[in-house]
Amino acid sequence: MSRAMTTEDEPRDGRPLPLDAAIDARTCGHKAATLAALRQSGHKVPDGLVIPVGGSCSAEVLRDALERLGPGPYAVRSSGVAEDLAEASFAGQYQTVLGVDTLDDVVAAAERVRESGTTEQATAYRAHADCAEAPLAVLVQRLVAAQAAGVMFSRNPVTGDDEVVIEAVRGLGDRLMAGEVDGDRWVCRGDDVEGIVDSGTIDESVARRLAELARVIARERGAPQDMEWAIADGELYLLQARPITGLPVAPERDIPPGRWMKDTSHFAGPMTPMGATVLLPVYESAFAHTFAEFGLPLQTIRQRAFGGEVYTQDAELGGKHDPAAPPPWWVLSVAVRLVPAMRRRMNAAKAALPKLEEYPRRWECSWRDECMSRIDESRSIDLGVLTDAELMDELGRLIDDVLLPHTIIHFQLTIPHMVGVHELRICCKELIGWETPQTMELLTGLSAATTRATREMAAIAAEVDDDVLAQGLDAVRATAAAPRLDAWLRRWGLRTIDLDPSSPTIAERDVLVLGLLRQARIPSGEASGRALEQKRQAAIARARATLAPSELERFDAALAYAETVYPQRDDNVEYTEGLPCGLVRRVLLEIGARLTAAGTLHAPSDVSFLKRDELGPALEGSLRGETAAARVSRRRAERAWMLAHPGPLVYGPPPVPEPDVRG
C-alpha cells in the first residue's frame with residue numbers, strides 16, 4: 001500500500017502529490033501527512049492525492065493525477081497546516097465535498113474547500129486558537145462506499161476515562177460529523193463491550209475490531225486519538241486520525257490530613273483557579289472574624305479547593321483539627337469553664353448577645369447604603385487608564401477593602417438569621433408540635449419581596465408586553481423600557497450568579513436577563529407577592545388559633561424577630577457577595593484583555609484559569625514554567641475531569657455527630 005517518496009514526488013510548481021508521498025505537514029497539511037503515515041504503517045486508508053499549499057487547482061494540473069488515482073467518486077477535503085493538532089483540531093471549520101465524479105467537479109470542489117478557509121467562522125476559530133495563518137492543502141481521496149461509518153475515540157472525550165467510545169451510522173458518516181443525526185453508541189472498557197444505543201448499525205464483533213484499531217492507532221501516534229472510519233464489504237477503512245483536543249485530565253489533589261467536607265450548599269461545581277485563590281482566603285478570614293466576635297467555639301472554617309471543588313474543615317481554637325467524635329456533653333460543660341480559650345469565647349458570646357438585635361438594625365439603617373456606596377465608588381473607576389501596577393493594586397484594594405469587609409457583614413447578619421429561624425422553629429415545635437416545613441410557611445415570601453433589585457425589575461417588566469419578550473432581549477431594548485433596563489443592568493447586572501468572582505455576571509447573560517424579565521411579569525398565582533403574603537398570614541392565623549393565651553407572647557416575639565432577620569439573608573447577598581464579586585471580575589477581565597492583547601492569553605475570560613499570584617508575573621512577562629496559555633488549557637482539562645468525576649462528599653474519616661452543647 002505504501003511506498004517511499006522519490007524526488008519525482010516532491011511538489012514542484014504546486015503540482016499534486018500522491019497521498020503516500022504527502023508526508024510533509026508544512027506543505028500538505030496535518031490531515032494528509034497523518035494519513036500518509038498511517039498508510040505507510042500498513043493501515044487501510046483510501047488512496048488519494050494532495051494539492052499542496054499554494055498549489056494550483058486547475059483541471060490541466062489535476063488531470064494526470066486523477067487518472068493515476070483511478071475513477072471516482074471522490075471525497076474532497078481540507079488538510080490544513082494548523083489542522084488536526086492537539087491544541088486546535090479545526091473540526092467542522094472547513095468544507096468537505098463528497099461524491100465528486102468528474103475532473104471539473106473536483107476542480108470546483110477543491111476551490112470550495114480553499115474558500116472555506118477564509119470564512120468568518122474559520123477566521124474566528126483561528127484567532128481563538130492563536131493561529132495567525134492556516135494555509136490549506138486539499139486532499140482528494142477515493143470515496144469509500146460505506147455500509148457503516150462513524151467516529152471513535154481511544155479515550156472518552158467527555159470524561160477522559162480509559163475507554164474507547166464509538167459512534168456509528170448507516171452509510172456515509174457525513175451526517176454524523178455535521179451533527180444532523182445521532183448514531184449508535186458503543187463503549188469498550190478493556191474486554192467489556194457495551195452497546196449504549198444499539199439499533200444494529202454494527203455488531204459487537206465490529207465494535208471490538210474498531211476498539212482494537214483505536215488502541216493501536218493511539219499507541220502508534222503517541223496520544224489519545226479522535227478517528228473517523230468506514231466499513232465497506234467487510235473491510236475497515238481509516239479516514240482520519242488526530243489528537244483529541246481538550247481531553248479531560250485528572251488534576252493532582254493533595255489532601256491534607258483530617259476530615260474535609262464538600263461544600264455543596266454554596267458551590268454547585270468546581271471553582272475556577274482564580275475564583276478559588278481570591279474568594280476562599282476571604283471566606284476563611286471572615287469566618288475567623290465572625291466566630292471570634294460572636295464567641296463561637298471554633299477558630300475558623302478552613303476553605304480548600306481540591307481539583308476546584310471546595311471542601312471545608314473545622315479549625316478548633318488554637319488552629320488544631322480533631323476528626324474524632326466530640327466528647328460527652330458534661331465534658332464540654334466542664335471545658336467551657338476550665339479551659340481559658342473556651343472561657344474567653346463564652347464571655348465573648350455573652351457580650352455579643354446585643355448584636356443579635358443591633359446588627360439587623362444597622363443593616364437597615366446604614367450598612368446597606370454604606371455597602372452600595374463603596375460598590376458605586378469602585379464601579380466608577382476607569383480601569384482602562386490605570387497602569388498594570390495600578391490595576392493590580394486596584395484588585396488588591398477590592399479584595400481587602402470591599403470583598404472582605406462585605407463578606408464579614410454577610411456573616412454578621414447570618415448569625416442573627418440562623419438564631420431567628422432556629423428560635424422560631426423551636427418555639428413552634430414545643431408549643432404547637434409543628435415541624436420545620438410548617439414553621440417556614442410563617443416566613444413565606446418575605447425574602448424575595450424585599451430585595452430592591454427584584455422590585456426594580458418588576459417595575460421594568462410591567463412596561464414590556466409578553467409578545468415583545470417572546471422576541472428576545474433585542475426587542476426589549478427597542479422599547480421605551482430600554483433606558484430603565486440599561487440602568488438596572490449597570491447597577492444590578494454587575495452581580496455574579498454564584499460565588500466564583502471569575503464567573504460571568506448577570507449583564508453578560510442575555511438569556512438570564514430575559515428570564516428575569518419574564519419571571520417578574522407573572523401577575524398571579526403562587527409566585528405573586530400577594531398570594532404568598534396571604535399564605536403566610538393564613539399560617540400565622542392557624543398558629544395563633546392553636547396557642548394558649550400564655551404562649552402568645554413567646555410566639556409573637558419569636559415571629560417578630562424572625563420576620564426582621566429572615567428577609568435580610570437574600571437582601572444582603574446582592575451587596576455583600578454578588579456585587580463585590582462582580583467588581584473583582586470587572587478588574588480580572590481588564591487584566592485578561594491586556595494579556596490577550598499581548599498574546600499571552602487567547603481570550604480575556606481565560607484569566608479565570610490563572611491564579612491570583614500568577615497575574616502580576618503574567619502582566620510583566622515573567623511567568624515561569626508553562627506559558628499562561630498552556631496553563632489555561634491544562635486547567636480547563638482538569639475542570640472538565642472534575643465535572644465528570646465529582647469528588648466524594650468527605651475526604652478522611654467519616655462524619656461524626658454534632659457536639660451536644662446542652663451543658
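The following exchange asks how some descriptions of this predicted model are reached.

Local features in the model need pLDDT of at least 70, side-chain atom pairs count only at pLDDT 80 or more, and totals for chains, interfaces and linings use all residues. Residues are numbered from 1 along each chain as its sequence is written, and side-chain values use heavy atoms, with hydrogens and water left out.

Me: How do you know that C365 is in no disulfide?
Reply: A disulfide is a pair of cysteine sulfur atoms within 2.5 Å. The nearest cysteine sulfur to C365, that of C371, is 14 Å away, so C365 does not meet the cut-off of 2.5 Å. A search of the whole structure finds 0 disulfides.

Me: Why is C581 called buried?
Reply: Buried means under 20% relative accessible area, exposed over 50%, and partly exposed in between (1.4 Å probe, protein chains only). C581 has 1% relative accessibility, so it counts as buried.

Me: Why is C365 called exposed?
Reply: Its relative accessible area is 62%, and exposed means over 50%.

Me: What makes the buried residues of helix α14 line one face?
Reply: Helix α14 (a DSSP run of H or I, at least four residues, numbered from the N terminus) spans residues 452-461, and its buried residues are A453, M457, I460 and A461. Seen down the axis of α14, these fall within an arc of 95°, so they line one face of the helix. The arc is that of the directions from the helix axis to the C-beta atoms.

Technical notes:
Helices (H or I, at least four residues) and strands (E, at least two) are DSSP runs, numbered from the N terminus.
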